[in-house]
Amino acid sequence: MGLDRRKSRYCRWAAGILAGTALLIGAVCYAGAGDEPVPAATTHIGDGWQAEWTIGPYPAKALQESRFTVKLADADGRPIRSADVSAELDMRHMGCGTVSFRLKETAPGVYEGTGYALMPGTWEASLTVDAADRSFDVNRQFAAVR
Ligand SMILES: [Cu+2]
């Protein structure tokens, strides 16, 4: 009997911690959703490469597939072909999870893949590009709505 009571008190305590944690994560996510809007298409220029990155439909809908299209070229505008391109999506804080996927080359230097945001708010998207003669990362943000 005494043991049962102790067990139920422990359960109530554990449930309280869980509820508190969920509330905290929810509050942080809500704060992130207030950031200024990020455009659908972004341009990136790096050392010897350039990228045009489009996400559609935009803003992305949480838990629905979005198309990520990236046009990669060298400094002279020649397409970067046959690269290994992968994407990772996450929010800036911990607890919401990460979505990873690959992008396939659909035209010379044009890579496309499908991913989704787990919840509304501002997301960080990171591309890792591995080509024969170079490798680099491209980072941007995008907005997801309900
Ligand atoms: Cu979140």
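Along β5, which side chains point to one face and are buried, and which point to the other and are not? The close-ups below take that up, starting with the ground rules. This is a predicted model, where local features need pLDDT of at least 70, side-chain atom pairs count only at pLDDT 80 or more, and totals for chains, interfaces and linings use all residues. Residue numbers run from 1 along each chain as its sequence is written.

**View 1. The two faces of β5.** Val 85, Ala 87 and Leu 89 point to one face and are buried (20 or more other C-beta atoms within 10 Å of a residue's own; exposed is 12 or fewer, partly exposed in between, with C-beta atoms placed from the backbone). Asp 84, Ser 86, Glu 88 and Asp 90 point to the other face and are not buried. Strands here are DSSP runs (E, at least two residues), numbered from the N terminus.

**View 2. β5 and its partners.** Strands pair if DSSP finds at least two bridges between them. β5 runs antiparallel to β8, with seven bridges joining them, and Val 85 has Val 129 as its bridge partner there. Five bridges join β5 to β6 (residues 99–107), also antiparallel; Ala 87 partners Phe 101.

**View 3. Around Ala 51 in β2.** Ala 51 counts as buried because it has 21 C-beta neighbours inside 10 Å. Beyond four places in sequence, Ala 51 is in contact (C-beta atoms, placed from the backbone, within 7 Å) with His 44, Val 70, Lys 71, Leu 72 and Val 138. Gly 77, 26 residues apart along the chain, has its C-alpha 9.7 Å from that of Ala 51.

Methods: Helices (H or I, at least four residues) and strands (E, at least two) are DSSP runs, numbered from the N terminus. Two residues are in contact if their C-beta atoms, placed from the backbone, lie within 7 Å.
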